[in-house]
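Morning, everyone. Please pull up the structure on your screens. I'll keep this brief.

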Amino acid sequence: MQKIKEYVEANQQRFLEELFDLLRFPSVSADPKYAADVRNAAEYVAQKLRDAGGNNVEIYPTAGHPIVYGEKIIDASKPTVLVYGHYDVQPPDPLELWETPPFEPTVRDGKIFARGACDDKGQFYMHIKAFELMQATGTLACNVKFMIEGEEEVGSDNLGTFVKANKERLAADVVLISDTAMISLDTPSLETGLRGLSYVEVEVTGPNRDLHSGVYGGAVANPITILTKLIASLHDENNRITIPGFYDDVAELSDAERKALNEAPFNEDEYKQDLGVKALWGEKGYTTIERTGIRPTLEVNGIWGGYIGKGAKTVLPSKASAKISMRLVPNQDSDTITALFTKHFERIAPDYVSVKVTPHHGGQPAVTPTDSVAYRAAEQAIEEAFGKKPIPTRGGGSIPIVSLFENELGLKTVLMGFGLDSDNLHSPNEKYDIANYFKGIETIPLFHKYFAELS
Ligand code: BES
Ligand code: MN
Ligand code: MN
């Protein structure tokens, strides 16, 4: 531990500057106009992996954005850790809400502000620096493979193809991912589950063209009114989702499991204050921890239609649309839920309109074991680095590829995340604490050490 701390201390400034260089690439996977920046970010990651001592470092093209792969095999009899991360980021919009530009990393109050600072550049880069540290100090205890992709934020479609085609190359004993959150540096935790996702776009069409709202208003249904009614009907008075069959496959936790989950520290007042809301909302009968961890949800992510320009325009629009996502829990299936949603939405649409449902990407939910050697290694690493045993929690976000690792490679995952829920992922002013960045770089070599020892 002392050797680790000394190395991190001696290289702090460079570790930060290299991350800042990575954060300067606007590697937004969703928007084709950034394709060259995404590519440049991949080149940078590959070069840093080579500099740190990685072998066979390659940038693999896909039908979309490329995958960076590299490895260090020290001894075939040692266990192998497959590190997964993503160098792509979410779009930075709305730009005007950023205090400093999203792709000009800036430190304020000990935190790095930039798109991708926490999700996931700041987090996967810790693994490259921890690898450099282990190489430089001659302490590499496991074989290590890196697979850093550029399409996580758009559903990882092409990673699936890569994984299926490269099973031998990716053979390992565990997948290690830092792309989730912990409670705080004072209360370390390990996420033991991720929610799945079904994402759809709906379009409601009324009259065959935009109409004068005075001439036709009152006689023709307004698609925006109908769409908002349909959306409102998707939750009942207990905030449960009304789609028939939606909850059929939901794995209910035992009372003991729910009790354990709710033992994690949670301060409702601070939570409300941080978000600027007077009251919380959610499915009746469940706590906030349960609502975001073990229960499925339905959210409207965007809605549009009619005139939203300056001033006023009296129009009865022809169309209205919305993007809707559903977070899923074990044992719900993304395709089944998408089909249930589609059937229900088409059924509840009144005759005044027609509706079209278009599925986007999805992902399966996942739970990670807490009784494995890898989990114990993560627990011990965190205990040594933080002085406290981590609390197991269930995360609300999704990393669709985790279930694929299990199904295609037969590998379980450890979610050793160092972000915070309040790091503004996908929001303006995304940030990552410098302290968490360095703490992560210190903890990762301990994971490798204990994983080798316990295996
Ligand atoms: N790193 C997040 C997922 C995450 C965040 C898990 C916080 C746990 C805690 C990941 O990059 C992400 O944003 N995933 C998307 C899904 C994807 C298919 C767009 C998500 O959760 O919305
Ligand atoms: Mn992420
Ligand atoms: Mn993300």
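I'll go through the metal site, then the ligand, then a few backbone details. One caution before we start: this is a predicted model.

Start with the metals. There are two manganese ions to look at, ligand 2 and ligand 3, and they sit 3.6 Å apart. Which residue coordinates both? It's D119, the bridge between the manganese ion (ligand 3) and the manganese ion (ligand 2).

Take the manganese ion (ligand 2). Its protein donors are H86 through NE2, D119 through OD, and D179 through OD, with D179 listed twice. Those donors lie 2.0 to 2.3 Å from the ion. Along the chain, the spacing reads H-x32-D-x59-D. Where do H86 and D119 come from? H86 is in strand β3, residues 80-86. D119 is in the loop between β5 (111-113) and α3 (121-136). The two are 33 residues apart, so that pair links distant parts of the chain. As for geometry, the site of the manganese ion (ligand 2) has six donor atoms, with angles of 57 to 165°. It's classed as irregular.

Now the manganese ion (ligand 3). Here the protein donors are D119 through OD, E153 through OE, listed twice, and H426 through NE2. The distances run from 2.1 to 2.6 Å. The sequence spacing is D-x33-E-x272-H. Look at E153 and H426: they are 273 residues apart. E153 is in the loop between β6 (143-149) and α4 (157-165). H426 is in the loop between β18 (413-415) and β19 (431-433). What about the geometry at the manganese ion (ligand 3)? Irregular again, with angles of 55 to 156° among six donor atoms.

On to ligand 1. How many residues surround ligand 1? Sixteen is the count: 16 residues, and the closest are E152, D179, R327, S398 and H426. D179 is also a donor to the manganese ion (ligand 2). H426 is also a donor to the manganese ion (ligand 3). By type, the shell splits into four nonpolar, six polar and six charged residues. Two domains contribute. Domain 1 (2-194 + 365-454) and domain 2 (196-250 + 296-363) each supply at least three residues of that shell.

Now the polar contacts of ligand 1. A polar side-chain atom of E152 is 2.7 Å from a ligand oxygen. An N or O atom in the D119 side chain is 3.0 Å from an oxygen atom of ligand 1. S398 uses its backbone: an N or O atom there is 2.8 Å from a nitrogen atom of ligand 1. Is the ligand mostly buried or exposed? Taken alone, ligand 1 exposes 520 Å², and the protein buries 91% of that.

Last, the backbone. Which bonds are cis? One joins D93 and P94, with omega about -5°. P94 is in the loop between β3 and β4 (106-108). Another joins P330 and N331, with omega about 0°. N331 is in the loop between β14 (319-328) and α9 (334-348). Also check D109. D109 is not a glycine, but its phi is positive, near 60°. D109 sits in the loop between β4 and β5.

That's my tour. Over to you for discussion.

Note on methods
Residues numbered from 1 in each chain as written. Chains lettered and ligands numbered in written order. Predicted model: local features only at pLDDT ≥ 70, side-chain atom pairs only at ≥ 80, totals over all residues. Heavy atoms only, no water. Near = heavy atom within 4 Å. Polar contact = N/O pair within 3.5 Å; in protein donor to acceptor, adjacent residues only side chain to side chain. Areas by Shrake-Rupley, 256 points an atom, 1.4 Å probe, with all protein chains shown as cover. Nonpolar A, V, L, I, M, F, W, Y, C, P; charged D, E, K, R; others polar. Domains from an automatic or database assignment. Donors = N, O, S within 2.8 Å, 3.2 Å for Na, K, Ca; no water. Tetrahedral: all angles 85-135°; square planar, octahedral: opposite > 155°, others 65-115°. Helix = DSSP H or I, 4+ residues; strand = E, 2+ residues; numbered from the N terminus.
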